[in-house]
Amino acid sequence: MSRSRRDFLRAAGSLLGVGLLADVLPAPGMAADAMAGMPMRTTAARLAAPNVPLVNPAALAPFVDTLPLPARARPVGRRGHPAWPGRLLPCYRMEMRAFAARLHRDLAPTPQWGYAGSSPGPTIEVERDEAVLVEWANALPSRHFLPIDHTIHGAERDRPEVRAVTHVHGARVPADSDGWPEDWYVPGRSALSRYPNAQDAATLWYHDHAMGITRLNIYAGLYGAWLVRDAQERALGLPSGEYELPLFLCDRLIGRDGRLYYPVSDDPAAPWVMQCQGNAVLCNGKLFPYLDVEPRRYRLRLLNAANSSFFELALTHGLAFRQIGSDQGLLPAPVERSRITLYPAERADAVVDFAGLAGQRVQLQLHGGGILEFRVRDRGRRDDSVLPAQLRPVPRLDVAAARDRMLSLGEVDDAGGNALRMLLDGKRWSDPVSERPRAGAVETWSFVNLSGDAHPVHLHLVRFQVLERRPFDLFAWNARRELKYTGPAQLPPPHEAGWKDTVRADPGMVTRIAVRFEGEPGRYVWHCHLLEHEDNEMMRPYELLPA
Ligand code: C2O
Ligand code: CU
């Protein structure tokens, strides 16, 4: 049962992926399972057919809109923070607001939520070790426009519908400013957060993290880039300024009226679905945009902001990516790759060289279809950027004396094999804190994936190294909770040899990471970054104890 349901969801996802959605989904009212030839079940978690006609992106004219580049946020002044008495720091004010914008020239404006009324929101650029404050203000309407599941922990009926709290993904930040999921606040309220930025240059991102509705708030558009810069990276002479492009990728389903459609189960009282896959892939909030570029090197900061889809990206014209960075900054050396795969929340920094391609139209492709077009035009300027052979040392963490925590990734199914919720180490969010590392300690965490899906696991506060992935015997685990390996450990490929904050844990594998817990003691979280999973129990607190 479980398999066939998954297969159905997957098949639907991949069909959606080629842009045929309007043609393959059943008419409103017709059961999705009936279409897929599955036996009828009485359980809840089936994917319901959309109740509105959806846009078929394949029918839209491609590459008629320019690629939006997020504005750069500017501090509104200097302010103090109660936790840092006597210091006046640059302060940003980021207001979450409803707005409408066209996702494509030929679509009606789409109502969305965004920081400063845009999605992605403005980019916050900070310098390493220069602290800033941000006032995250909730100026959203009082009703949500996406389907809340009140049976999910933290989203019960007695909670306000619209709640928000911002987390900066990948930031080494004091617990009081990390965006604890239960520290949400309602429209009209705001939170003042402090960010020391004591960390290496990297592509971070900020997004909503409100308990039980994160998937809906991010789908609505609440995310943006947070770039940490430092002198070491600057000294390398990589492409910068207009030659450095943040690229947020996410997939959506769009109604023909321009509204976002979020998939639901066929139980209106429990609409949660275990994954959300769209057929329209947005680059910086646009469908099939284009960008005029020069025949020279560019730095692309690729970021997967999707709820649950992974993206396998490639370029046309035989162009390769030279990947220079991952989640937490530069790799030791550039890695040439014809394809880059990103799971939700993962980032890849890549240099792409359009030299010699003047007059050509190069596509960034996803699973073989163009999602962004680069129009190469010579403007007679010289490329003075550099792509050094060495980028920075990434010394391997010494794990000889490290404590290992074995943590399972699993799901709880009903009798029919439908996922009711997803769990980390068999525990729910409200179970007592069980992971309490000491500040400064190095630990290894081994994610034992018992489910049929890959889960991108993210730890707040820290950066880590991927040690290995190793196949294990699921039956031995289920029978005796015994970890029996069935094959050799697979070492991470070179593009995973840098610092990460989100790691893909494959099904049937134990994925092991090494973490040094640097930061201020306090409560943080770790979770699966498939937002549907994160919202339905696949998130746990951890507590950083004093050294
Ligand atoms: Cu990208 Cu807990 O978040
Ligand atoms: Cu997951």
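**Notes on the predicted model: copper site, sheets and cores**

1. Let's start with the metal. Along the sequence, the residues that donate to the copper ion (ligand 2) follow the spacing H-x72-C-x4-H. Keep in mind as you look around that this is a predicted model. The donors themselves are His455 through ND1, Cys528 through SG and His533 through ND1, with distances of 2.0 to 2.1 Å.

2. Are Cys528 and His533 buried or exposed? Cys528 has a relative accessible area of 1%, which makes it buried. His533 is buried too, at 1% relative accessibility. The cut-off in play is 20%: a residue under that relative accessible area is called buried.

3. One of the copper donors also takes you into a sheet. His455 donates to the copper ion (ligand 2) through ND1, and strand S27 covers residues 455-459. S27 pairs with S29 in the antiparallel sense, over four bridges. If you want one bridge to check by eye, take Val457, whose partner in S29 is Val503.

4. Now the whole of that sheet. It is open and has four strands in the order S29-S27-S31-S32, paired antiparallel. At the edges you'll find strand S29 (502-505) and strand S32 (539-544), each of which pairs on one side only. On average, neighbouring strands here are turned by 25 degrees against each other, ignoring direction.

5. There is also an open sheet of five strands, ordered S25-S24-S26-S30-S28, and its pairing is mixed. Strand S25 (419-424) and strand S28 (464-471) each have a single partner strand, so each has one side without a neighbour in the sheet. For this sheet the average turn between neighbouring strands is 15 degrees, direction ignored.

6. Inside the five-strand sheet, have a look at strand S26 (residues 442-449) and strand S30 (residues 509-516). They pair in the antiparallel sense over seven bridges. Glu443 is a handy marker, as it stands opposite Val515 in S30.

7. Next, the nonpolar cores. The largest one has 98 residues, and the members that touch the most others are Ile124, Trp136, Trp226, Leu313, Phe354 and Phe374. Strand S11 (residues 244-254) supplies the largest share of this core, with seven residues. A second, separate core has 30 residues, among them Leu407, Trp445, Ile513 and Tyr542.

8. What does Phe354 touch, leaving out residues up to four places away in sequence? The list runs to Val293, Glu294, Pro295, Arg296, Tyr298, Leu319, Val362, Phe374 and Val376. Phe374 is on that list, and it is also named with Phe354 among the members of the largest core that touch the most others.

9. Strand S17 (residues 311-315) is worth a stop. Four of its five residues are buried, so the strand is largely enclosed by the rest of the structure. S17 runs antiparallel to strand S20 (residues 339-342), joined by four bridges, and Phe311 has Leu342 as its bridge partner in S20. S17 is also joined to strand S22 (residues 361-366), again antiparallel, by three bridges. There, Leu315 stands opposite Leu364 in S22.

10. On to the aromatic rings, where the count comes to 21 pairs. Tyr243 and Tyr298 have ring centres 5.4 Å apart and planes at 80 degrees, so this is an edge-to-face pair. It links distant parts of the chain: Tyr243 sits in the loop between helix H5 (231-235) and S11, and Tyr298 in strand S16 (residues 297-304), 55 residues apart. Tyr243 counts as buried at 10% relative accessibility, and Tyr298 is buried at 3%.

11. Another pair to click on is Trp445 and Phe447. Their ring centres are 6.5 Å apart and their planes at 75 degrees, so they too are edge-to-face. Both of these residues are buried. They belong to a cluster linked by ring pairs, together with Phe517, Tyr524, Trp526 and Tyr542. Trp445 and Tyr542 also turn up in the second core of 30 residues.

12. Finally, a look at a loop. Gly380 lies between strand S23 (369-376) and strand S24 (403-413). With a relative accessible area of 67%, Gly380 is exposed. Gly380 and Thr341 are 39 residues apart in sequence, and their C-alpha atoms are 34 Å apart in space.

Definitions and conventions:
Residues are numbered from 1 along each chain as its sequence is written. Chains are lettered from A and ligands numbered from 1 in the order in which they are written. This is a predicted model: local features need pLDDT of at least 70, side-chain atom pairs count only at pLDDT 80 or more; totals for chains, interfaces and linings use all residues. Side-chain values use heavy atoms; hydrogens and water are left out. A nonpolar core is a set of buried Ala, Val, Leu, Ile, Met, Phe, Trp, Tyr and Cys residues joined through side-chain atoms within 4.5 Å. Buried means under 20% relative accessible area, exposed over 50%, partly exposed in between (1.4 Å probe, protein chains only). Helices (H or I, at least four residues) and strands (E, at least two) are DSSP runs, numbered from the N terminus. Contact means heavy atoms within 4.5 Å. Two strands pair if DSSP finds at least two bridges between them. Axes are lines fitted to C-alpha atoms, for helices over the stretch in contact, and angles run from 0 to 180 degrees between N-to-C directions. Donors are N, O and S atoms within 2.8 Å of the metal (3.2 Å for Na, K and Ca); water is not among the atoms, so sites may look incomplete. Rings of Phe, Tyr and Trp (its six-membered ring) pair if their centres lie within 6.5 Å; planes under 30 degrees apart count as stacked, over 60 as edge-to-face and the rest as tilted.
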